[in-house]
Amino acid sequence: MRLTSEQIECINQTLIEKGVNYDDIKLEVLDHIATEIESEMELSNNDFPMVYNQVFDNWSGEFKIKKDFFSLLSTYPKIVQSKMKNQFKKEIVFVVTSCVLLITGFQFIADTHSRLYFLKSINNILFYTYCTTGVIALLIKLWNLKSKATSTYKHLFDTRFTLLIIFLTIIIKSTVPHNLIDQNLYVGTASCFFVYFLSTIYVGVKHVQFQRKLAIQ
């Protein structure tokens with residue numbers, strides 16, 4: 001039994017009331033809930049209001065409000081927080097992997113001169129990566145102004161875009177350390193920056209792709 005446009009809009013408004021405001025998650029959840037309601041109405045022969053309440057009760061755990069991992073002031077429904085947390089977990093894996101690879105490779109450089117050359121190369125690459133990321137992020141930011149679509153990717157991108165501006169001072173003032181411990185710390189920190197820059201572009205591009213997909217639909 002197909003739902004009417006009014007019934008689908010009812011589900012949409014309920015999701016908004018429950019805090020599912022990001023279009024990428026809302027559309028996905030709406031599709032799942034609508035399908036469940038249609039299937040249950042066919043099987044049980046019950047009307048929409050009864051099945052609607054039953055299905056939303058089954059989903060109630062996903063709508064429980066959780067505090068943001070990074071900010072005690074921000075809260076999200078569990079289903080939204082879970083998606084953001086999964087993105088963060090992926091980045092942690094990339095950060096740890098890149099740190100281990102770069103620091104391990106750094107240990108095989110024997111003489112001091114080669115170490116300093118290696119660090120200066122990382123410093124230069126870091127600067128140009130930052131500049132490239134900044135330009136791409138600015139273009140994505142301007143592109144986003146054309147659309148009112150929201151997504152978890154846009155939320156993450158906007159947060160990172162602000163920090164990207166703050167990082168400018170750190171990148172410009174970064175100097176190559178001469179102490180071995182500080183050098184290892186520098187390599188590890190640089191790898192974190194690389195992952196941060198790449199992830200900023202990644203979530204920005206994912207939102208642009210979502211906007212285009214939404215426009216086609």
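**Helices and buried side chains in a predicted model**

Reader: Is serine 199 buried or exposed?
Author: This is a predicted model. Serine 199 has a relative accessible area of 6%. The cut-off for buried is under 20%. So serine 199 counts as buried.

Reader: Which residues are in contact with serine 199, leaving aside its neighbours within four places in sequence?
Author: Serine 199 is found in helix α7, residues 180-216. Its side chain reaches the backbone oxygen of tyrosine 196 at 2.9 Å. Tyrosine 196 falls among the neighbours left aside here. The contacts of serine 199 that count are Glu91 and Arg160.

Reader: What does phenylalanine 194 touch, not counting residues up to four places away in sequence?
Author: Phenylalanine 194 also lies in helix α7. Its relative accessible area is 19%, so it is buried, the cut-off being under 20%. Its C-alpha is separated from that of leucine 156 by 17 Å. The residues phenylalanine 194 touches are Ile122, Ile125, Leu126 and Thr129.

Reader: How many residues has helix α5, and what does it reach from its first C-alpha to its last?
Author: Helix α5 runs over residues 112-144. Its buried residues include Ile122, Leu126 and Thr129. At 1.5 Å a residue, 48 Å is expected, and the span is close to that. The helix has 33 residues and reaches 47 Å.

Reader: Over the face of which residue does arginine 115 lie?
Author: Arginine 115 is one of the buried residues of α5. It sits at 4.7 Å from a ring centre. That ring belongs to phenylalanine 106.

Reader: With which side chain does the side chain of aspartate 111 make a polar contact?
Author: Aspartate 111 lies in the loop between α4 (78-107) and α5. It is partly exposed, at 38% relative accessibility. Its C-alpha and that of threonine 75 are separated by 51 Å. At 2.8 Å, the side-chain partner of aspartate 111 is serine 114.

Reader: Why do the buried residues of α3 line one face of the helix?
Author: In α3 (residues 48-58), Phe48, Val51, Tyr52, Val55 and Phe56 are buried. Seen down the helix axis, these buried residues line one face, because they fall within an arc of 130°.

Reader: Which exposed residues does the face of α3 turned away from its buried side carry?
Author: The buried side of α3 is covered by elements that include α1 (5-17) and α2 (23-44). The face turned away carries exposed residues. They are Asp57 and Asn58.

Reader: Which residues form one aromatic cluster?
Author: Some members come from the buried set of α3, including Phe48, Tyr52 and Phe56. The cluster also includes a tryptophan, Trp59. Its full membership is Phe48, Tyr52, Phe56, Trp59 and Phe63.

Reader: Is the aromatic pair of phenylalanine 157 and phenylalanine 161 stacked, edge-to-face or tilted?
Author: The structure holds 10 aromatic pairs. In this one, the ring centres are 5.9 Å apart and the planes are at 35°. Both residues are buried, and both lie in helix α6 (residues 152-173), 4 residues apart, about one turn of the helix. Stacked needs under 30 degrees and edge-to-face over 60, so this pair is tilted.

Reader: What is the phi of asparagine 45, which follows α2?
Author: Helix α2 has 22 residues and reaches 31 Å, close to the 32 Å expected. Among its buried residues are Ile25, Val29, Ile33 and Ile37. Asparagine 45 comes after the helix, and its phi is positive, near 65°.

How values were computed:
Residues numbered from 1 in each chain as written. Predicted model: local features only at pLDDT ≥ 70, side-chain atom pairs only at ≥ 80, totals over all residues. Heavy atoms only, no water. Phe/Tyr/Trp six-rings, centres within 6.5 Å; stacked < 30°, edge-to-face > 60°. Helix = DSSP H or I, 4+ residues; strand = E, 2+ residues; numbered from the N terminus. Buried < 20%, exposed > 50% of the residue type's maximum accessible area, 1.4 Å probe, protein only. Lys NZ or Arg CZ within 6 Å of the ring centre and 35° of its normal. Arc of directions from axis to C-beta. Contact = heavy atoms within 4.5 Å. Expected span 1.5 Å × (residues − 1). Polar contact = N/O pair within 3.5 Å; in protein donor to acceptor, adjacent residues only side chain to side chain.
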